[in-house]
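Here's a walk through one protein model, written for someone who would rather look at side chains than read a methods section. Keep the structure open while you read.

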Amino acid sequence: MTRIVIIGGGPGGYEAALVAAQLGAQVTVVEEEGPGGACVLTDCVPSKTLIASSVRKQALLDASSLGVRFDGGPDHDAGGVAVDMIDVNKRVKELALAQSNDIAARLAAEGVEVIRARGRLVDPQVVRAGDRTIRADVVIVATGAHPRVLPGAEPDGERILSWRQLYDLEELPEHLIVVGSGVTGAEFAGAYRSLGSEVTLVSSRDRMMPNEDADAAEVLEEVYRRRGMNVMGRSRAASVKRTEHGVVVTLEDGRTAEGSHCLMTVGMVPNTSGLGLEDNGVRLDRNGFIEVDKVSRTSAPGVYAAGDCTGVLMLASVAAMQGRIAVWHALGEAVQPIRLATVAANIFTDPEIAAVGVSQRQIEAGEIEANVVKLPLATNARAKMQGFNDGFVKLFCRPNTGIVLGGVVVAPRASELILALSVAVQHRLTVDQLAHTFAVYPSLSGSITEAARRLMSPLTAGGI
């Protein structure tokens with residue numbers, strides 16, 4: 001029986017463990033924090049739970065435009081809706097723990113051994129887990145990453161915070177300054193603004209989320225400004241200091257921003273130090289990420305890696321697929337190398353931003369030839385009914401064949417709507433095939449089939 005030891009119990013680790021157990025391997029997972037790892041206990045699951053509360057409050061605030069009003073008592077804000085951060089954060093933590101327990105139960109049911117300890121390589125086939133030494137035929141490293149800390153802006157857990165420390169706050173920050181306008185910064189900035197905090201978002205670039213679709217980022221920034229957020233572009237933070245009653249953020253150009261709390265969202269650092277990786281032939285890049293190929297192999301024979309520690313699209317879904325692919329390859333199963341061009345990603349802002357396949361930037365740079373159509377959500381009947389005015393559906397296809405190359409959806413629940421485009425990209429469907437697929441009327445997904453009809457060739461398009 002093949003013995004597989006997995007260091008790290010996040011999505012890359014536990015998904016690999018489940019596949020390996022189902023294929024008959026003897027599996028041990030070494031995880032210090034608990035099943036699910038940081039993704040479930042401190043990062044993805046908690047943040048999206050918090051965001052769910054903020055989206056619900058924003059919906060209540062926006063309900064007056066639909067003729068629905070809520071008259072709150074003296075404990076409610078001007079919008080008539082109260083937020084109890086103790087209850088919000090209690091739910092966040094309880095849900096994260098429940099998810100971890102569900103994963104633990106599933107691993108136990110599949111016969112996977114879980115060791116609560118820090119793991120490290122002794123050699124490519126030996127793992128040290130606490131006071132135990134385990135010999136393995138295959139080792140998978142899935143240790144994740146942690147928040148990057150800027151010198152001069154070290155989190156103290158009270159006023160200067162990493163996102164893992166937010167859930168210990170007992171009160172809503174009066175004025176939250178978010179440093180970093182990437183995906184994580186944009187998500188938390190929007191969430192706390194909707195919950196009722198005054199928010200200043202400090203961005204070192206011309207616009208927020210500079211690596212995402214420019215049209216999508218523009219829509220979101222417009223929504224944020226309309227909701228009262230202060231978005232400071234071209235403003236790189238030099239330092240963050242505590243004051244008597246809050247924090248002051250000093251920018252490189254000498255300007256300052258003052259608030260009650262500061263949230264640092266300036267990237268991730270891989271958890272690869274102190275694991276004995278380089279000593280055992282596992283090559284790291286200059287930023288400390290583990291170098292892997294398309295089937296998750298590292299440079300050391302018999303050692304694979306998956307998830308954020310590899311720096312390959314730091315998404316839970318990608319980590320899970322990397323882990324599964326590692327097991328399939330290690331056990332000699334049929335396996336398809338990971339295709340990053342088919343990965344769907346979502347930003348859990350309000351509205352959400354989802355994308356798959358090629359990007360507008362690639363098309364504009366001439367790297368890929370494509371036809372493009374963009375439909376504003378405001379023209380969709382269901383969106384009008386629900387009072388959704390911000391967002392769009394954008395679709396890309398090959399000029400001659402009509403094969404769907406990708407798309408972007410900016411809408412409530414874009415994370416659900418993107419699946420249709422993911423299927424189309426994965427299976428190389430054409431806009432004609434997508435257009436001839438029935439969509440419910442009225443529905444937001446109807447904008448996807450409508451976009452496909454707009455891209456159909458004149459000979460097949462017919463009438464609308």
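Let's start with Arg106, which counts as partly exposed because its relative accessible area is 39%. Bear in mind throughout that this is a predicted model. The side chain of Arg106 meets that of Glu110 in a salt bridge, at 3.7 Å from N to O. Glu110 is partly exposed too, with a relative accessible area of 29%.

**Salt bridges**

How many salt bridges does the structure hold? The count is 21. Here are three of them, with their N to O distances.

| Pair | N to O distance |
|---|---|
| Glu94 and Lys90 | 2.8 Å |
| Arg106 and Glu110 | 3.7 Å |
| Arg226 and Asp390 | 2.5 Å |

Take Glu94 and Lys90: they sit four residues apart in helix H4 (residues 85–109), so about one helical turn separates them. Glu94 is partly exposed, at 45% relative accessible area, and Lys90 is partly exposed at 45% relative accessibility.

The Arg226 and Asp390 pair joins side chains from two parts of the chain, at 2.5 Å from N to O. Arg226 belongs to helix H6 (residues 214–226) and Asp390 to the loop between H9 and S22, so the salt bridge ties together parts 164 residues apart in sequence. Arg226 counts as exposed, because its relative accessibility is 52%. There is also a network: Asp213, Asp215, Lys374 and Lys394 are joined by salt bridges that share partners.

**Strand S22 and its neighbours**

Lys394 from that network turns up again in strand S22. This strand covers residues 392–397, and six of its six residues are buried. Which way do the side chains point? Phe392, Lys394 and Phe396 go one way, Val393, Leu395 and Cys397 go the other, and all are buried. In a regular strand, side chains alternate between the two faces of the sheet.

S22 has a paired strand in S21 (residues 371–376), antiparallel and with six bridges. Lys374 has Lys394 in S22 as its bridge partner, and both lysines are also members of the salt-bridge network. Strand S23 (residues 404–411) runs antiparallel to S22 as well, joined to it by six bridges. There, Leu395 has Gly407 in S23 as its bridge partner. S22 and S23 make a hairpin with six residues between them, and Gly402 in the turn has a positive phi of about 75°.

**A second hairpin**

For a strand with another pattern, look at S15 (residues 256–259). Ala257 and Gly259 point to one face and are buried, while Thr256 and Glu258 point to the other and are not. S15 pairs with strand S14 (residues 247–251) in the antiparallel sense, over four bridges, and Val249 stands opposite Ala257. The hairpin of these strands has four residues between them, and Gly254 takes a positive phi near 95°.

**Backbone oddities**

Which peptide bond is cis in the loop around Pro351? It's the bond that joins Asp350 and Pro351, with omega at about 10°. Pro351 lies in the loop between strand S19 (344–347) and strand S20 (352–357). Another cis bond joins Tyr441 and Pro442, with omega about -5°; Pro442 is in the loop between helix H11 (431–435) and helix H12 (446–455).

Leu313 is not a glycine, yet its phi is positive, near 45°. It's found in the loop between strand S18 (303–305) and helix H7 (316–330), and it counts as partly exposed because its relative accessibility is 38%. Arg428 also has a positive phi without being a glycine, about 55°, and belongs to the loop between helix H10 (414–426) and H11.

**Distances and a charged patch**

Asn380, in the loop between S21 and helix H9 (381–386), counts as buried because its relative accessibility is 6%. Asn380 and Leu444 are 64 residues apart in sequence, with 6.7 Å between their C-alpha atoms. Ile160 and Glu278 are 118 residues apart along the chain, and 34 Å separates their C-alpha atoms. Ile160 is in strand S9 (residues 160–161) and is buried, at 4% relative accessibility.

Finally, the surface: Arg148, Arg205, Arg236 and Arg361 gather there in a patch of positive charge. Arg361 sits in helix H8 (residues 360–364) and is partly exposed, at 47% relative accessibility.

Notes
Residues are numbered from 1 along each chain as its sequence is written. This is a predicted model: local features need pLDDT of at least 70, side-chain atom pairs count only at pLDDT 80 or more; totals for chains, interfaces and linings use all residues. Side-chain values use heavy atoms; hydrogens and water are left out. Patches are made of residues with over 30% relative accessible area and no salt bridge: like charges are joined within 9 Å, nonpolar side chains (Val, Leu, Ile, Met, Phe, Trp, Tyr) within 5 Å. Accessible areas come from the Shrake-Rupley method with a 1.4 Å probe; for residues, only the protein chains shown count as cover. A salt bridge is a side-chain nitrogen of Lys or Arg within 4 Å of a carboxyl oxygen of Asp or Glu. Lys and Arg count as positive and Asp and Glu as negative; His and the chain ends are not counted. The place of a charge is taken as NZ of Lys, CZ of Arg, CG of Asp or CD of Glu. Helices (H or I, at least four residues) and strands (E, at least two) are DSSP runs, numbered from the N terminus. Buried means under 20% relative accessible area, exposed over 50%, partly exposed in between (1.4 Å probe, protein chains only). Two strands pair if DSSP finds at least two bridges between them.
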